[in-house]
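Trainee: Got a minute to go through this one with me? I'd like to start with the cysteines.
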Amino acid sequence: MNNVSVITMFFLSGFNETISHRFVLFFLSLLCYCIICLVNVSLIVTIILDTNLHEPMYILLCVFCMNALYGTAGFFPRFLWDLLSDVHLISYYGCLIQNQVIYSFVCGELSILAVMAYDRYVAICQPLKYHSIMSKQRVIRFACFSWFTTFCIMAVNTFLTFRLKLCSPYISRLFCVNWSIVQLACFPAQTTINAISANIAIIIYCLHGVFIVWSYMYIIQTCVKSIENRAKFMQTCVPHLVSLFTFVVAILTDVINMRLGSKELPRTLQNFIAIEFLVIPPIMNPLIYGFKLTKIRKRIYSVVIFKRTNFCFLQSENSFTHS
């Protein structure tokens with residue numbers, strides 16, 4: 001029992017298979033993280049600077065991208081460092097913080113998608129009440145409340161994990177997650193409250209999913225009756241549904257692999273499944289919204305064309321001066 005309380009570091013054994021090609025993985029991961037930062041920051045800046053985009057749907061999209069930056073910041077910098085390190089260690093408190101960031105990012109994503117689904121429901125099914133129900137201030141409050149409650153719920157789970165006495169410092173993953181830490185507990189009886197708390201959180205966010213499905217069922221019923229609403233659905237709701245589908249598939253794949261996955265699967269495949277939700281949705285979502293939503297697409301095109309025109313003008317001016 002004396003050895004239990006002195007665990008101050010964890011070994012991330014998921015990196016054992018990356019040693020032979022870690023420099024290639026480092027370059028690809030760095031490129032991926034740069035793309036995530038570029039596309040999300042571009043969308044956030046575009047929405048903030050353009051007053052025409054200060055509408056509920058675009059405000060929620062801005063929060064969506066901020067959450068993606070928050071979640072990936074909890075994974076990629078540490079992951080890139082570990083790829084270049086010979087020993088893959090993370091401190092006990094660093095592990096808990098990473099767990100808190102990644103879990104709050106995942107559940108926060110679902111909460112924001114639920115608010116976005118409600119926004120589209122009011123816009124299409126109750127258009128006359130839309131501006132009174134979904135004012136800018138109320139949308140910001142909705143977004144802040146949904147993210148803050150998510151953070152608090154995940155903090156409870158992290159605290160319950162913190163109180164456990166652990167018998168092993170080895171985590172067989174690339175990063176820290178609650179389930180992997182709880183499995184290291186010396187006494188399974190101590191983890192009962194962790195399981196109850198985790199199941200309550202799962203139920204809460206499953207209800208978020210049910211609410212999203214219910215909202216889109218009503219939206220589809222309304223759109224069938226109107227050509228105008230059908231066009232609005234294709235324009236604004238399809239990106240939400242694609243984001244939801246991508247996110248849910250990525251999360252379910254990781255959860256199934258973590259809880260029920262076979263140890264016979266190659267470690268490389270297990271690692272890819274584990275980080276899929278931290279790579280694919282943060283890249284795809286800004287691209288989907290950027291190309292699909294007309295206002296954002298036009299704004300991005302106008303900025304690109306403006307910069308290109310200025311560049312050509314400066315070049316022509318320089319050539320004229322030299323001549």
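Mentor: Sure. Keep in mind that this is a predicted model. Let's begin with Cys 144, which is partly exposed because its relative accessible area is 48%.

Trainee: And Cys 32, is that buried or exposed?
Mentor: Buried, since its relative accessible area is 12%, and the cut-off for buried is under 20%.

Trainee: Why is there no bond between Cys 32 and Cys 34?
Mentor: Distance. Cys 34 holds the closest cysteine sulfur, but that is 9.3 Å from the sulfur of Cys 32, so it's too far for a bond. The cut-off for a disulfide is within 2.5 Å.

Trainee: OK, how many disulfides does that rule give?
Mentor: The count comes to two. One of them joins Cys 95 and Cys 176, with the sulfur atoms 2.0 Å apart.

Trainee: What parts of the chain does the Cys 95 and Cys 176 pair tie together?
Mentor: Cys 95 is in helix H4, residues 92-125. Cys 176 is in the loop between strand E3 (170-171) and helix H7 (178-182), so the disulfide ties together parts 81 residues apart in sequence.

Trainee: Left-handed or right-handed, that one?
Mentor: Left-handed, because the torsion about its S-S bond is about -115°.

Trainee: Are its two ends buried or exposed?
Mentor: Cys 95 has a relative accessible area of 0%, so it's buried. Cys 176 also comes out at 0%, so that end is buried too.

Trainee: Which cysteines make the other bond?
Mentor: Cys 167 and Cys 186, with an S to S distance of 1.8 Å. This pair links distant parts of the chain, 19 residues apart. Cys 167 is in the loop between helix H6 (136-162) and E3, and Cys 186 is in the loop between H7 and helix H8 (192-224).

Trainee: What about its handedness and torsion?
Mentor: The S-S torsion of Cys 167 and Cys 186 is about 120°, so that disulfide is right-handed. Cys 186 counts as buried, because its relative accessibility is 18%.

Trainee: So what's the overall pattern of the disulfides?
Mentor: It's 1-3, 2-4, if you count the bonded cysteines along the chain.

Trainee: Switching topic: how many aromatic pairs turn up in the whole structure?
Mentor: A search finds 20. Among them is Phe 10 with Tyr 92: the ring centres are 5.8 Å apart and the planes are at 25°, so the pair is stacked.

Trainee: Where do those two sit?
Mentor: Phe 10 is in strand E1 (residues 9-12) and Tyr 92 is in helix H4, so the pair ties together parts 82 residues apart in sequence. Phe 10 is buried because its relative accessible area is 0%. Tyr 92 is buried as well, since its relative accessible area is 11%.

Trainee: Which residues form the aromatic cluster?
Mentor: Tyr 33, Phe 75, Phe 76, Phe 79, Phe 175 and Phe 277 form one cluster. Phe 175 has a charge over its ring too: the charged end of Arg 173 sits there, 5.0 Å from the ring centre.

Trainee: Last thing. Which residues does UniProt list as "transmembrane region"?
Mentor: The unreviewed entry lists 23-49, 58-81, 101-118, 139-160, 200-220, 241-260 and 272-291.

Trainee: What do 58-81 and 139-160 look like in the model?
Mentor: Residues 58-81 are 92% helix and 0% strand, with the end C-alpha atoms 34 Å apart. Residues 139-160 are 100% helix and 0% strand, and their end C-alpha atoms lie 32 Å apart.

Technical notes:
Residues numbered from 1 in each chain as written. Predicted model: local features only at pLDDT ≥ 70, side-chain atom pairs only at ≥ 80, totals over all residues. Heavy atoms only, no water. Helix = DSSP H or I, 4+ residues; strand = E, 2+ residues; numbered from the N terminus. Buried < 20%, exposed > 50% of the residue type's maximum accessible area, 1.4 Å probe, protein only. UniProt positions renumbered as here; feature names shortened; annotations may be inferred. Phe/Tyr/Trp six-rings, centres within 6.5 Å; stacked < 30°, edge-to-face > 60°. Lys NZ or Arg CZ within 6 Å of the ring centre and 35° of its normal.
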